[in-house]
Amino acid sequence: MRKIITLLLFGITIFSNAQQKITFNYDAAGNQILRELCLTGCNPLAKPAKDEAKEIEALVDEDLLKFSQEDVISYYPNPVKEELYIKWEMKDGNYVNSIQIFNITGQLLRSYQPTARNDNQNIRFQDYPTGIYAVMLYYSNGDQKSIKIIKQ
């Protein structure tokens with residue numbers, strides 16, 4: 001009888017821990033970025049400490065997201081909570097003469113007209129609901145670029 005109870009308790013212990021063997025980590029947008037098999041000493045309920053938000057004064061060039069290394073547009077942060085910071089370089093007299101914000105359905109929400117001497121723009125997103133937005137930059141030579149922004 002003792003052997004049966006011991007085996008029963010042993011079996012319950014093994015099966016109750018079986019569901020804590022795989023852990024998942026997600027990015028800020030909710031996409032799964034890591035699936036990990038944890039064999040010993042893991043606590044799936046423990047959450048990693050989130051990085052503190054950087055102050056805008058502490059922003060360095062490495063923090064800015066770019067389309068590619070040779071691109072002249074950079075932006076921070078994405079996903080955005082309150083305000084998006086966009087910076088661009090003027091090359092060969094080409095400058096950004098218009099910035100437009102569109103929601104996912106294509107509705108124009110806001111338009112900005114930076115001056116020719118300006119090389120950056122802060123865009124307030126705190127009044128917009130959570131979702132995906134398109135930021136369109138129109139250049140003086142007729143070119144345009146779009147940026148997909150996620151609002152949390």
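Which residues form a nonpolar patch on the surface? They are M1, I5, L8, L9 and I12, and together they have about 560 Å² of accessible area. One of these residues, I12, is found in helix α1, which covers residues 2–17. Please keep in mind as you look around that this is a predicted model.

**The chain as a whole**
- The protein chain contains one helix and 10 strands.
- Following the sequence, you meet these elements in the pattern α-β-β-β-β-β-β-β-β-β-β.
- The chain has 152 residues, and 25% of them count as buried.
- About 11400 Å² of the protein chain is exposed, with carbon and sulfur atoms supplying 52% of that area.
- If you take the contacts between residues at least 6 apart in sequence, 46% of them join residues at least 24 apart.

**Strands β5 and β8**
- Strand β8 spans residues 120–124, and its side chains alternate between two faces.
- On one face of β8 you will find Q121 and I123, which are buried.
- N120, N122 and R124 point to the other face of the strand and are not buried.
- Strand β5, made of residues 83–88, runs antiparallel to β8, and five bridges join the two.
- Across this pairing, I86 stands opposite Q121 of β8, the latter being one of the buried residues in that strand.

**Around S74**
- Strand β4 covers residues 73–76, and S74 is found there.
- Is S74 buried or exposed? S74 counts as buried because its relative accessibility is 5%, and the cut-off for buried is under 20%.
- S74 and W88 are 14 residues apart along the chain, yet their C-alpha atoms are separated by 6.3 Å.

**Aromatic rings**
- How many aromatic pairs does a search of the whole structure find? The search turns up three.
- F125 and Y128 form an edge-to-face pair, with 5.5 Å from centre to centre and 80° between the planes.
- Two values appear there because a pair of aromatic rings is described by the distance of the centres and the angle of the planes.
- The edge-to-face label follows from the angle, since planes over 60 degrees apart count as edge-to-face.
- Both partners, F125 and Y128, are buried.
- Y133 joins the group as well: ring pairs link F125, Y128 and Y133 into a cluster.

Note on methods: Residues numbered from 1 in each chain as written. Predicted model: local features only at pLDDT ≥ 70, side-chain atom pairs only at ≥ 80, totals over all residues. Heavy atoms only, no water. Buried < 20%, exposed > 50% of the residue type's maximum accessible area, 1.4 Å probe, protein only. Helix = DSSP H or I, 4+ residues; strand = E, 2+ residues; numbered from the N terminus. Pairing = 2+ DSSP bridges. Phe/Tyr/Trp six-rings, centres within 6.5 Å; stacked < 30°, edge-to-face > 60°. Patch = residues over 30% accessible without salt bridge, like charges linked within 9 Å, V, L, I, M, F, W, Y side chains within 5 Å. Areas by Shrake-Rupley, 256 points an atom, 1.4 Å probe, with all protein chains shown as cover. Salt bridge = Lys/Arg side-chain N within 4 Å of Asp/Glu carboxyl O. Contact = heavy atoms within 4.5 Å.
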